[in-house]
Structures are given as structure tokens and as C-alpha cells.
Amino acid sequence: MLTITPEAMAVLRRVTNHPTLAETSGLRIARPDRSGAPLQVRTVYAPEPGDGVVERDGARLILGPGAARRLTGHTLDAVPDEEGRVQFVLEA
């Protein structure tokens, strides 16, 4: 199971509750087709076939099949960089 910090939940809510997005939209974490490539994070209109969806407190996180297995037992956090941009961080 993936743990999500309150900071990451706040960012997920801001992203998924944007008025221009559909109710099916969410932040998707997925592994690209290339083996060994880093996980990708992006906003999507809807889950793809085989994706898992985690909905909590108004936030919607979509996990690609390879990502769900890789994230089990980790914590997803969101931290601002020096310029105020938010970056997601995985902690073991």
C-alpha cells in the first residue's frame, strides 16, 4: 500500500479539483515501457485500462500497473524546491 503525506494530498486535491478537468481526471504515476526508466507523473483525463485509482479526501491518484507494484510500502510526499515548484518525492 502507498502512504500519501498531507502535503502530497493537498497538491493532489489542487490538481484533481481544477475546474477545467473532468471528474475522471487525476494525477497518474506510471512506469514507461522502457525497462529501468524512472516513473512518470502527469495529469491525465482518465485512467487507462489496467490502472488502479486511489481516491481520498477529494484527491485522485491513478497508478499504472508497474507503478502500483513499485510504490507498495513507500510514502509519497510533495516538497517545494527553491523556486516554489512542487516536486513529488518517494520515501521508502
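**Helix H1 and the sheet it crosses**

User: Happy to look at this predicted model with you. Which residues of H1 are buried?

Analyst: Buried here means under 20% relative accessible area. By that cut-off, the buried residues in H1 are Ala8, Met9, Val11, Leu12 and Thr16.

User: On which side of H1 do they lie, and how wide an arc do they cover?

Analyst: The buried residues sit on the same side of H1, because their arc around the axis is limited. On the other side of the helix, Pro6 and Arg14 are exposed. The arc covered by the buried set is only 165°.

User: Which strands do the buried residues of H1 pack against?

Analyst: Helix H1 spans residues 6-16 and lies across E2, E3, E4 and E5, running at about 95° to E5. Its buried residues pack against strands E1, E2, E4, E5, E6 and E7.

User: Nice. Which strands stand at the edges of the open sheet, and why is one side of each left without a neighbour?

Analyst: The sheet has 4 strands in the order E3-E2-E5-E4, with mixed pairing. Its edge strands each have a single partner strand, so one side of each has no neighbour in the sheet. Those edge strands are E3 (40-44) and E4 (52-56).

User: By what angle are neighbouring strands of this sheet turned against each other on average?

Analyst: The angle is taken with direction ignored. On average, the turn between neighbouring strands is 25°.

User: In E5, what is the bridge partner of Arg56?

Analyst: E4 and E5 (residues 59-63) pair in the antiparallel sense, over 5 bridges. Within E5, the bridge partner of Arg56 is Ala59.

Conventions
Residues are numbered from 1 along each chain as its sequence is written. This is a predicted model: local features need pLDDT of at least 70, side-chain atom pairs count only at pLDDT 80 or more; totals for chains, interfaces and linings use all residues. Side-chain values use heavy atoms; hydrogens and water are left out. Two strands pair if DSSP finds at least two bridges between them. Helices (H or I, at least four residues) and strands (E, at least two) are DSSP runs, numbered from the N terminus. Axes are lines fitted to C-alpha atoms, for helices over the stretch in contact, and angles run from 0 to 180 degrees between N-to-C directions. Contact means heavy atoms within 4.5 Å. Buried means under 20% relative accessible area, exposed over 50%, partly exposed in between (1.4 Å probe, protein chains only). The arc is that of the directions from the helix axis to the C-beta atoms.
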